[in-house]
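Trainee: Could you walk me through this one, and show me how the labels get decided?
Mentor: Sure, let's take it label by label.

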Amino acid sequence: MTRPLVRRGFTVTAVDESAHMLERVHGARTVCGPIATLELDERFDVVLLASCLVHAADPGERRALLRTCRRYVARDGCVLIQREPEDAHQGLPREREIAGGLIRVVSSEPVGPGVRSVHVEYVFPDARWTQTFLSRPLTTRDFDSALAEEGLVVDTYLTGDRTWVRAVPAGPDGGRP
Ligand SMILES: C[S@@+](CC[C@H](N)C(=O)[O-])C[C@H]1O[C@@H](n2cnc3c(N)ncnc32)[C@H](O)[C@@H]1O
């Protein structure tokens, strides 16, 4: 994600707890560590929480992620959040083409209260791999409440499928400033 942003002229600070992933980042400052314990002395015009991390299985982890977003966004800045599509766990298996390859969501099974285990296959001409991860689906109401808990509020949905959301620091009454 860093590369197209840098190409478009943005100054990017890329945070990831995987040093291996950060080795692939060029043209941007990198910070290696968990988002939840990030310690920086600055604020940003835009904070980006991608990869559906807002669906963390552990609500404490989700709160910590959103708290970090709120902490580092400038007063008049925004937080861009990627959510799962609303039908992410229905109609499986399902596949879509991406960048010359295929992503197949094979299954989504309940594994605990409000938590599902999702199994995904990635098929590309030169590589195939699978990933299994936990997800806590969030209704629009759950999502709004999760943001409100950390002082954020939805400003607008940026895509027709409502997966990309622009949130802003909430005003004193908890609504949009
Ligand atoms: C789907 S990958 C996206 C990688 C890269 N940002 C990109 O756009 O290609 C998700 C990344 O999030 C990182 N990640 C997941 N949870 C994290 C957390 N709590 N703190 C820091 N990094 C995290 C993983 O290490 C992984 O590299």
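**Around the ligand**

Mentor: In this predicted model, the ligand is surrounded by Met1, Asp16, Glu17, Ser18, Met21, Gly33, Pro34, Ile35, Ser51, Leu53, Glu61 and Leu65. That shell divides into 6 nonpolar, 3 polar and 3 charged residues.

Trainee: What makes the pair between aspartate 16 and the ligand a polar contact?
Mentor: A polar side-chain atom of aspartate 16 lies 2.6 Å from an oxygen atom of the ligand. The cut-off for N or O pairs is within 3.5 Å, so this pair counts. Backbone atoms join in too: a polar one of glutamate 17 is 3.1 Å from a ligand nitrogen, and an N or O of isoleucine 35 lies 3.0 Å from a nitrogen atom of the ligand. As for cover, the ligand taken alone exposes 590 Å², and the protein buries 62% of that.

Trainee: Why is alanine 99 called exposed?
Mentor: Its relative accessible area is 74%. Exposed means over 50%, so alanine 99 gets that label. You'll find alanine 99 in the loop between S5 and strand S6 (101-112), with a positive phi near 45°.

Trainee: And what makes arginine 162 partly exposed?
Mentor: Arginine 162 has 31% relative accessibility. Buried needs under 20% and exposed over 50%, so 31% falls in between. Phi of arginine 162 is positive as well, near 60°.

Trainee: Why point out a positive phi?
Mentor: Because most residues other than glycine have a negative one.

Trainee: How do you know that the peptide bond from leucine 92 to proline 93 is cis?
Mentor: Its omega is near 0°. Proline 93 is found in the loop between strand S4 (73-82) and strand S5 (94-98).

Conventions:
Residues are numbered from 1 along each chain as its sequence is written. This is a predicted model: local features need pLDDT of at least 70, side-chain atom pairs count only at pLDDT 80 or more; totals for chains, interfaces and linings use all residues. Side-chain values use heavy atoms; hydrogens and water are left out. A residue is near a molecule or strand if one of its heavy atoms lies within 4 Å of it. A polar contact is a pair of N or O atoms within 3.5 Å; within protein, one must be able to donate a hydrogen and the other to accept it, and residues adjacent in sequence count only if both atoms are side-chain atoms. Accessible areas come from the Shrake-Rupley method with a 1.4 Å probe; for residues, only the protein chains shown count as cover. Ala, Val, Leu, Ile, Met, Phe, Trp, Tyr, Cys and Pro count as nonpolar, Asp, Glu, Lys and Arg as charged, and the others, Gly among them, as polar. Helices (H or I, at least four residues) and strands (E, at least two) are DSSP runs, numbered from the N terminus. Buried means under 20% relative accessible area, exposed over 50%, partly exposed in between (1.4 Å probe, protein chains only).
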